[in-house]
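Let's walk through this model together, one question at a time. Keep the viewer open as you read.

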Amino acid sequence: MDTSKILPLLSEVKVNRFFYKACGYIDKELDKPLIAVISSYTDTSPGHLYLDKIAEAAKKGVYMAGGATIEAYVIGPCAAYSRNYRYDLPTRDVIAQSIEIQLQQSTVDGIIFIGTCDKILPGMLMAAARLNLPAIFLTGGPAEPGHFMGEETVFPLDTLVPLIKKYIEGELGYESLKNKILKAEEKWINTCGACPELTTANTMQILIESMGLTIPYSSTTPPHHSSKLRYAKVAGTKIVELIQKGLSFKKLVKEENLLNSLRVLNAIGGSTNAVIHILALSNELGLIDRVNLDTVEEVSSDTPFISPLRPNGPYTILDLHRAGGVPALLKELKPILTDTETVIGKTLFEIADEAPEPDGDVIRSLEKPVQRRGALKVLKGNIAPGGALARYTAVKKEHLRFTGPAKICDSLEDAVIKIIAGEIENGDVLVVRYEGPRGAPGMTEIVIVIFLLRMLGLTDVAVVTDGRYSGTAEEVLYIGYVVPEAYIGGPLAALRDGDMVTIDIEEGKLEAEVSLEELDKRMENWRPVKPKITMGALVAWAYLAEQADKGAIIKNKL
């Protein structure tokens, strides 16, 4: 038997063609560059409802450019109405893993990622880094704002907070409250799309465009605009060009792209969640030693906050789009950005140069910013030696230095019970611990705490947590992402009720008026709380999650 014939044969016979042909593909398709179209289309969320239309347009673009496509879907839950917020951040890593597994077992030459909300796009970015194929992103864009009770609304809380306040204060009866909520459900936004303020969804869409990974202007284009489909067709043609040029993800996305995204994040006052997503991508790219939590502070210190978008100011994402979108923002920020390649073949600066002039209101000038430094602040101190994070532009200025007694809660549920029971008062520092990456497990988003405090008029409370916050959080001073988390023995675990805690945004301090010796003494007999979840997907997080300063990812490197 002549076994020398086997090796050449193995390289010639492509078993995947058997299965693709069983799906209806023909030779003319399979002989072309094959692009995977990965989307989070689902009919359970307004941010994802129309992504099938974008995917169809993208596939047409691929075929026009001489390629062919396969299509697959990832989960697309909406974090805004999660029944258990511990499952929110893990969505990101599950999506990254599922795409990695799907495409390591398929044969494709490039990828079009299509997503909109919260953890979906960050998961796709992580998958793109792992697979390192030519890749391009298409994002769903923002919804059109609604109107309720004479006010422009961009998120359900815009309707619920005033209604429930009126009910609590006796201005509304129970039946009237229920009827008004039913009307609010239909009016808070007018179209499909991401909630049109600086939620994590819109923040990440904008940052993806700032990294040069999508078609200019597309991230802020609403889904009901016909240009959305044209952008998708262009993306389909561009992915074929990227394959022909051999431009893989890591050839396009480098340290400079991440630094640009951090500058844009600080300039617009984006969601704090975006920081851990950028750090997760930095981790995937092997750049975490150069782009980390300290880098966030360095970038923020010399990046002016120039775009007062909700909840930091009066403008919506559609206002930003009408003002020239991300390209106009890049035009104003150009002196502090670094030029990079993009997926459309132009450099970032070429795109910026072709953009309209900023309007001076939605996008202010570097010389006349809203604030001289960026919207995010990294804090450190004896209860957060590894760092913590705040977005100070959405809170009262008088709270930028805050001192108060700690009220300790060992879970999100504990915090909710104490707030409703009237145990939290204005002037307190509400500490919600054991909600970090491993302790939750899954790093809980504690947006309901902010909602309850606002609803009850407790906006003179500061909140400190090793968990996370929604991009919609406002009014209340909130500090999150504390490193190290309480569950692994971080000093947050040593705090007791009544300890005085000082938060100083300007100085970047998060300190308890407790000596290090006393904190160490308290930890001598410390034991972590029992896990809240003992089976299922989140158990891996309890064992394997990195801390927030590493992107809070599941460890995936040996």
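Q: Is Glu-423 buried, partly exposed or exposed?
A: First, a word on the source: this is a predicted model, where local features need pLDDT of at least 70, side-chain atom pairs count only at pLDDT 80 or more, and totals for chains, interfaces and linings use all residues. Residues are numbered from 1 along each chain as its sequence is written, and side-chain values use heavy atoms, leaving out hydrogens and water. Buried means under 20% relative accessible area, exposed over 50%, and partly exposed in between, using a 1.4 Å probe and protein chains only. Because its relative accessible area is 42%, Glu-423 is partly exposed.

Q: Which residues does Glu-423 touch, not counting residues up to four places away in sequence?
A: You will find Glu-423 in the loop between helix H18 (412–420) and strand E10 (429–432); helices (H or I, at least four residues) and strands (E, at least two) are DSSP runs numbered from the N terminus. Contact means heavy atoms within 4.5 Å. With those sequence neighbours left out, Glu-423 touches Lys-407, Lys-418 and Asp-428.

Q: What is the strand order in the open sheet of 4 strands?
A: Two strands pair if DSSP finds at least two bridges between them. In this open sheet the pairing is parallel, and the edge strands, E2 (68–73) and E4 (135–139), each pair on one side only. Strand E3 (residues 110–115) pairs with E4 over 5 bridges, and the order is E2-E1-E3-E4.

Q: Which helix gives the most to the largest nonpolar core?
A: A nonpolar core is a set of buried Ala, Val, Leu, Ile, Met, Phe, Trp, Tyr and Cys residues joined through side-chain atoms within 4.5 Å. The largest one here has 144 residues, and Met-124 and Phe-137 are among those touching the most other members. With 8 residues, the helix that gives the most is H6 (residues 120–131).

Q: Which side chains of strand E14 (residues 509–512) are buried?
A: In a regular strand, side chains alternate between the two faces of the sheet. In E14, Lys-509 and Glu-511 point to one face and are not buried. On the other face, the buried pair is Leu-510 and Ala-512.

Q: Which residue takes a positive phi in the hairpin of E13 and E14?
A: Strands E13 (residues 500–504) and E14 run antiparallel, joined by 4 bridges, and Ile-503 stands opposite Leu-510. The hairpin has 4 residues between the strands, and the one with a positive phi near 70° is Gly-508.
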